[in-house]
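Got the viewer open? Let's take a walk through this one, selecting a few things at a time.

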Amino acid sequence: MISLSKTLSRVKPSPTIAVSTKARELKEAGRDVIGLGAGEPDFDTPENIREAGKRAIDEGKTRYTAPDGIPELKQAICAKMKRDNNLDYVPAQVSVGTGGKQILYNALMATLNPGDEVVIPAPYWVSYPDMVLLAGGEPVFVEASMDTAYKITADQLDAAITPQTKWFIFNSPSNPTGAGYSWNELKALTDVLLRHPHVMIMTDDMYEHLVFDDFKFCTPAEVEPKLYDRTLTCNGISKAYAMTGWRIGYAAGPEYLIAAMRKIQSQSTSNPCSISQWAAVEALNGTQDFIPKHNEIFQRRRDLVVGMLNDAKGIECPVPEGAFYVYPSIAGCIGKTAPSGTKITDDEVFATALLEDKGVAVVFGAAFGLSPNFRVSYATSDEALLDACTRIQDFCKSLT
């Protein structure tokens, strides 16, 4: 057996994928399991987008493309950025990758050197710190709390920046909390970043269109145009367009950085799937009328889950502004004992006991950098959510 790369010792497998895999295995073994771990809409990809993919196949658009995207898709991304974010880009400033994750990874690989620091608000999407580590950098966490609605403050950001800081990663609405930053809240952060010209901003806008109530989405380069040349604005079609399996993500930013990302992609995966790219052109250029319809359903599910979890003994669940996650605290359950005899010492034990006792799969909070919490994805049916939340209530009631 050959020795493995020492870099692998710096990272761990994705906990969210592990939870979904465990839930699937238990179902296949005959267990009655409700999986609330996957961040994946349960809607079908809209028909006009599916038809565009079929046309691409029928028209023979199945060959290699440019490494980081076809011209038609890059132009559609530029038009989207202008339409939705009031940001002007040209195709040479756009990179298309195999999902949003590859876009972030390419940018980090293209820029990080040993000793470089990346500031990451916590709770964070599980892949951010591990991608930083794989690229040779060091993650620096800024911990938010439920008291600040899971959003960091300007003072916290300022205190975390050092001469070694290369990037600030920003995600709103957030995975895992659903927390969204208002224009004024984001302006406070961009004011800090203006004082630190050596720091680049990587903004993950994947949940841009999944917002509720009166929340208005905004992105850093839109809020502070002086940061335009220092910002990589990242997005994708997976969530709002129900296209997780199509694997298309994209970013717009400084041309030199896009060129460096292109070089990395040309030597790794090369181009994203040609068929998916043509479907993405239709997603961005075509009708958007299904998005508010989907959001109405997501908001109803959010309200159902928040209400039921707040009725569970020992759980406190804030109301998120967007995405399709809630991130409740289980501080009131710590120290108690499950009927199986398991003592709830932390959120990972809580999640394991909940799965074993009630067949509900959630992701424990430590995976996202803030405990004691767990994440629920409500991107599933109302019936499944009602059943799952009832089981969670029963589980919490059984703790002594």
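Before we click on anything: a residue counts as buried when its relative accessible area is under 20% and as exposed when that is over 50%, with partly exposed in between. Keep in mind, too, that this is a predicted model.

**Stop 1: aspartate 32.** Select aspartate 32, in the loop between helix 1 and strand 1 (34-35). Its relative accessibility is 53%, so aspartate 32 counts as exposed. Now show arginine 391 as well: the two side chains meet in a salt bridge, 2.8 Å from N to O. Arginine 391 sits in helix 13 (residues 382-398), so this pair ties together parts that are 359 residues apart in sequence. Unlike its partner, arginine 391 is buried, at 11% relative accessible area.

**Stop 2: along helix 13.** Stay on arginine 391 and add aspartate 387. These two form a salt bridge as well, with the closest N and O atoms 3.1 Å apart. Both belong to helix 13, four residues apart, or about one turn of the helix. Aspartate 387 has 34% relative accessibility and so counts as partly exposed.

**Stop 3: aspartate 382.** Next, pick aspartate 382 and arginine 301, whose side chains meet in a salt bridge at 3.2 Å, N to O. Aspartate 382 is in helix 13 and arginine 301 in helix 11 (residues 290-310), so the pair links parts 81 residues apart in sequence. Both residues are buried. Add Asp42 and Arg300 to the selection, and you have the four members of a salt-bridge network. How many salt bridges does a search of the whole structure find? The count is 22.

**Stop 4: around helix 10.** Switch to cartoon and colour helix 10 (residues 274-285) together with helix 3 (residues 71-85); their axes are 9 Å apart and the angle is about 25°. That makes helix 3 and helix 10 roughly parallel, and their crossing is left-handed. Then bring in helix 2 (residues 47-58), which packs against helix 10 at about 140° with the axes 8 Å apart. Helix 2 and helix 10 are therefore oblique to each other, and this crossing is right-handed.

In the loop between helix 9 (255-266) and helix 10, click on serine 270. Serine 270 is partly exposed, at 25% relative accessible area.

**Last stop: the N-terminal segment.** Turn on the surface and select Ile2, Leu4 and Leu8, a nonpolar surface patch with about 360 Å² of accessible area together. Isoleucine 2 comes in the segment before helix 1 (15-28), and at 70% relative accessibility it counts as exposed.

Terms used: Residues are numbered from 1 along each chain as its sequence is written. This is a predicted model: local features need pLDDT of at least 70, side-chain atom pairs count only at pLDDT 80 or more; totals for chains, interfaces and linings use all residues. Side-chain values use heavy atoms; hydrogens and water are left out. Patches are made of residues with over 30% relative accessible area and no salt bridge: like charges are joined within 9 Å, nonpolar side chains (Val, Leu, Ile, Met, Phe, Trp, Tyr) within 5 Å. Accessible areas come from the Shrake-Rupley method with a 1.4 Å probe; for residues, only the protein chains shown count as cover. Helices (H or I, at least four residues) and strands (E, at least two) are DSSP runs, numbered from the N terminus. Buried means under 20% relative accessible area, exposed over 50%, partly exposed in between (1.4 Å probe, protein chains only). Axes are lines fitted to C-alpha atoms, for helices over the stretch in contact, and angles run from 0 to 180 degrees between N-to-C directions. Angles under 35 degrees count as roughly parallel, over 145 as roughly antiparallel, 65 to 115 as roughly perpendicular and the rest as oblique. A crossing is left-handed if the near helix is turned anticlockwise from the far one by less than a right angle, and right-handed if clockwise.
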